Amino acid sequence: MDPSSKKRKASEACPYLDTIQRSLLDFDFEPSCSVSLESGPHVYACLVCGKFFRGRGRHTPAYTHSVDEGHFVYVHLSKGSFHCLPDDYEIIDQSLSDISAALHPNFTPTEIQNIDNNTGLARDLFGRRYLPGFVGLNNLHKTDYVNATVQALAHVKPLRDFFLSLSHKDLFLPNPSKKKKPPHRISHLALCFGELVRKMWSDK
């Protein structure tokens with residue numbers, strides 16, 4: 001059997017997509033498990049209640065939550081893949097594209113070039129309208145001065161365009177040296193800032 005057809009069958013067999021509550025989803029916080037408080041590459045968001053849970057196998061918080069609460073649809077916060085638990089199969093469905101765009105926005109070179117000419121209002125997962133690039137940031141215990149700095153940096157065109165050209169999968173930058181040297185690893189701070197800039201300027 002063709003592997004792609006097998007994936008399509010898995011997605012068609014998922015009867016829980018209508019349980020997703022988009023108004024409860026918030027991907028702006030640190031991806032840490034709400035039970036164990038662990039962070040890392042294997043944290044999933046429950047698309048029914050919006051909470052974050054670690055793991056996918058038996059006895060993990062995500063698996064236990066799916067069984068105890070009857071919440072079956074999850075997204076991998078790092079990879080962006082969708083999964084049905086506790087059956088543990090990947091969901092491939094075009095109707096989830098808006099959630100993918102909210103989790104990890106991406107920009108084409110043409111979109112970056114024309115971004116300053118965009119005057120149309122976009123709509124977020126909550127249904128609220130906004131102008132991309134001109135959105136407020138949460139004030140987390142007197143962080144308004146940090147927010148002002150981030151807003152200013154996010155509107156410096158060369159800096160903004162550089163981070164918009166990257167994606168959440170870009171962990172390294174090629175070494176510009178003529179000598180054969182390994183690529184530069186992007187720091188965690190720069191990765192987080194880039195993710196924030198892409199979300200601020202996203203129209204999806």
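This section describes the fold of a predicted model, beginning with the whole chain and moving to its strands, a helix, a pocket and one arginine.

The protein has 204 residues, of which 36% are buried. Its secondary structure consists of 7 helices and 9 strands. The C-alpha trace extends over about 45 × 45 × 35 Å along the principal axes. When contacts with a separation of 6 or more are considered, 53% of them join residues that lie 24 or more positions apart.

Strand β1 comprises residues 43-46. This strand pairs with β2 (residues 52-54) in the antiparallel sense, over 3 bridges. It also pairs with β3 (residues 73-76), again antiparallel and over 3 bridges. Tyr-44 of β1 has a partner in each of these two strands: Phe-53 stands opposite Tyr-44 in β2, and His-76 is the bridge partner of Tyr-44 in β3. Ala-45, the next residue of β1, stands opposite Val-75 in β3. The hairpin of β1 and β2 has 5 residues between its strands, and within this hairpin Gly-50 adopts a positive phi near 85 degrees.

Strand β3 is also paired with β4 (residues 82-84), in the antiparallel sense and over 3 bridges. In this pairing, Tyr-74 of β3 faces His-83 of β4. β3 and β4 form a hairpin with 5 residues between the two strands, and Gly-80 in the turn has a positive phi of about 85 degrees.

The side chains of a regular strand alternate between the two faces of the sheet. In β1, Val-43 and Ala-45 lie on one side and Tyr-44 and Cys-46 on the other; all four are buried, and both faces of the strand are covered. In β3, Val-73 and Val-75 point one way while Tyr-74 and His-76 point the other way, and these residues are all buried too.

Helix α7 spans residues 188-201, a total of 14 residues. The distance from its first C-alpha to its last is 20 Å, close to the 20 Å expected at 1.5 Å a residue. The buried residues of α7 are Phe-193, Gly-194, Glu-195, Val-197, Arg-198, Lys-199, Met-200 and Trp-201. This list includes the charged residues Glu-195, Arg-198 and Lys-199. Among the elements that cover the buried residues of α7 are three other helices, α3 (97-103), α5 (144-153) and α6 (157-164).

The second largest pocket has a volume of about 160 Å³. Its lining contains 3 nonpolar, 6 polar and 2 charged residues. Gly-80, described above in the turn between β3 and β4, is one of the lining residues, as is Lys-79. Ser-97, Ser-100, Ala-101 and Leu-103 also line the pocket, and these positions fall within the range of α3 (97-103). The remaining lining residues are His-104, Pro-105, Asn-106, His-168 and Lys-204.

Lys-204 also takes part in a contact with Arg-123. Arg-123 is located in strand β6 (residues 122-123). The two residues are 81 residues apart along the chain, yet their C-alpha atoms are separated by 6.9 Å. Apart from neighbours within four places in sequence, Arg-123 is in contact with Arg-128, Arg-129, Tyr-130 and Lys-204. Arg-123 has a relative accessible area of 45% and is therefore classed as partly exposed, since this value lies between the 20% limit for buried residues and the 50% limit for exposed ones.

Methods: Residues numbered from 1 in each chain as written. Predicted model: local features only at pLDDT ≥ 70, side-chain atom pairs only at ≥ 80, totals over all residues. Heavy atoms only, no water. Expected span 1.5 Å × (residues − 1). Buried < 20%, exposed > 50% of the residue type's maximum accessible area, 1.4 Å probe, protein only. Contact = heavy atoms within 4.5 Å. 1 Å grid on protein atoms, 1.4 Å probe; cavity = no way out; pocket = protein on both sides within 12 Å on 5 of 7 lines; lining within 4 Å. Points joined across faces, edges and corners; volume = space filled by probe spheres on them. Pairing = 2+ DSSP bridges.
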